[in-house]
Amino acid sequence: MPDYLDDLRFAHVLADAADAATMARFKALDLKVDTKPDMTPVSEADKAAEELIRGQLGRARPRDAILGEEYGIQGTGPRRWVVDPIDGTKNYVRGVPVWATLISLMEAGDTGFEPVVGVVSAPALGRRWWAARGHGAFTGRSLSSASRLHVSRVSKLTDASFAYSSLSGWEEQGRLDGFLDLTREVWRTRAYGDFWPYMLVAEGAVDICAEPELSLWDMAANAIVVTEAGGTFTGLDGRPGPHSGNAAASNGLLHDELLGYLNQRY
């Protein structure tokens, strides 16, 4: 079984470069922001960070494919790097520090591409999380200064903390009633949004989280961090991994109940 540690170290190098680029333009008064065809914002920093990552991957891993939010798929083969240069662009452009660069390596297997390495770097928060298959999940300033992550052992929804991003997507999918029922059942709810709820699940600070509409680059790095921390990451359909266009993550003990509530329909 490959140990993926060289790839993990390289993913940290990529994250270091992206952090420097994104922090250099964070809160810049002349930051250029455009609107993409799907009506979501993209900043010059999103594009610059992805270009930087693609350039380093092209030099160091020329045989690997790359899938990025801003520039799509490039290359073929059994190894694919998946990149979201800034997850939380709306926060980024407003000066809110909750955003991160997500970098994952996915490898072809019996059930399709699965994440084997993930790095989530949030430089404005001074935080980074990472994982490699079979090696656990960690957080810290660097590979040499890190603490291991493990999900919580909360086993009752009435004791659970539930994190989410917003209400609109649940309403659009006809899942709002189940979502609201869940919020009434749990101990606490907070809308941290984007990558952060998944990292909080991995840390054991939050017990369950979910989002109704996502892309692969939003989920791949988060998925392996959660699972290597001992948690469960699926789509709302229960399919393991980051392939369902939406996500539910938990400490594992509460996952079936989480899915049960979120699959209630009007």
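**Figure 1. Helix 7 and the strands it crosses in the predicted model.** Helix 7, residues 216–228, lies across strand 14 and strand 15. The helix runs at about 150° to strand 14. The structure shown here and in the following views is a predicted model.

**Figure 2. An open sheet of five strands.** The strands of this open sheet follow the order 12-11-13-15-14, and their pairing is mixed. At its edges are strand 12 (188–190) and strand 14 (232–234), each of which pairs on one side only. From one strand to the next, the twist averages 15°. Strand 14 pairs with strand 15 (residues 247–250) in the antiparallel sense, over three bridges. Within this pairing, Thr232 has Ser250 of strand 15 as its bridge partner. Helix 6, formed by residues 196–203, packs on the sheet. Helix 6 touches strand 11 (161–163), strand 13 (208–211), strand 14 and strand 15. The direction of helix 6 makes about 155° with that of strand 13.

**Figure 3. The packing of helix 6 against helix 7.** Two packed helices are described by the angle between their axes and by the distance between the axes. For helix 6 and helix 7, the angle is about 15° and the axes are 8 Å apart. Because angles under 35 degrees count as roughly parallel, helix 6 is roughly parallel to helix 7. The crossing of helix 6 with helix 7 is left-handed. Helix 6 contributes Tyr198, Met199, Val201 and Ala202 to the contact, and helix 7 contributes Asn222, Val225 and Val226. Of the residues in this contact of helix 6 with helix 7, six are nonpolar, one is polar and none is charged.

**Figure 4. An open sheet of eight strands.** The order of the strands in this open sheet is 4-3-5-6-7-8-9-10, with mixed pairing. Strand 4 (72–74) and strand 10 stand at the edges; each has a single partner strand, so one side of each is left without a neighbour in the sheet. Neighbouring strands of this sheet are turned against each other by 20° on average, direction ignored. Strand 8, residues 127–132, pairs with strand 9, residues 137–142, in the antiparallel sense over three bridges. Ala131 stands opposite Ala137 in strand 9. Helix 2 (residues 44–60) packs on the sheet, where it touches strand 3 (65–68), strand 4, strand 5 (79–87) and strand 6. Between the direction of helix 2 and that of strand 5 the angle is about 155°.

**Figure 5. The surroundings of Ala108 in strand 6.** Ala108 belongs to strand 6, which spans residues 100–109. With a relative accessible area of 41%, Ala108 is partly exposed. Apart from neighbours within four places in sequence, Ala108 is in contact with Pro78 and Phe113. Ala108 and Thr232 are 124 residues apart along the chain, and their C-alpha atoms are separated by 20 Å.

**Figure 6. The surroundings of Arg148 in strand 10.** Arg148 is located in strand 10, which covers residues 145–148. Arg148 has a relative accessible area of 56% and is therefore exposed, as values over 50% count as exposed. Apart from neighbours within four places in sequence, Arg148 is in contact with His135, Gly136, Ala137 and Phe138. Arg148 and Trp81 lie 67 residues apart in sequence and 24 Å apart in space, taken from C-alpha to C-alpha.

Technical notes: Residues numbered from 1 in each chain as written. Predicted model: local features only at pLDDT ≥ 70, side-chain atom pairs only at ≥ 80, totals over all residues. Heavy atoms only, no water. Helix = DSSP H or I, 4+ residues; strand = E, 2+ residues; numbered from the N terminus. Buried < 20%, exposed > 50% of the residue type's maximum accessible area, 1.4 Å probe, protein only. Contact = heavy atoms within 4.5 Å. Pairing = 2+ DSSP bridges. Axes fitted to C-alpha atoms, helices over the stretch in contact; angles between N-to-C directions. Parallel < 35°, antiparallel > 145°, perpendicular 65-115°, else oblique. Left-handed = near helix turned anticlockwise from the far one by under 90°. Nonpolar A, V, L, I, M, F, W, Y, C, P; charged D, E, K, R; others polar.
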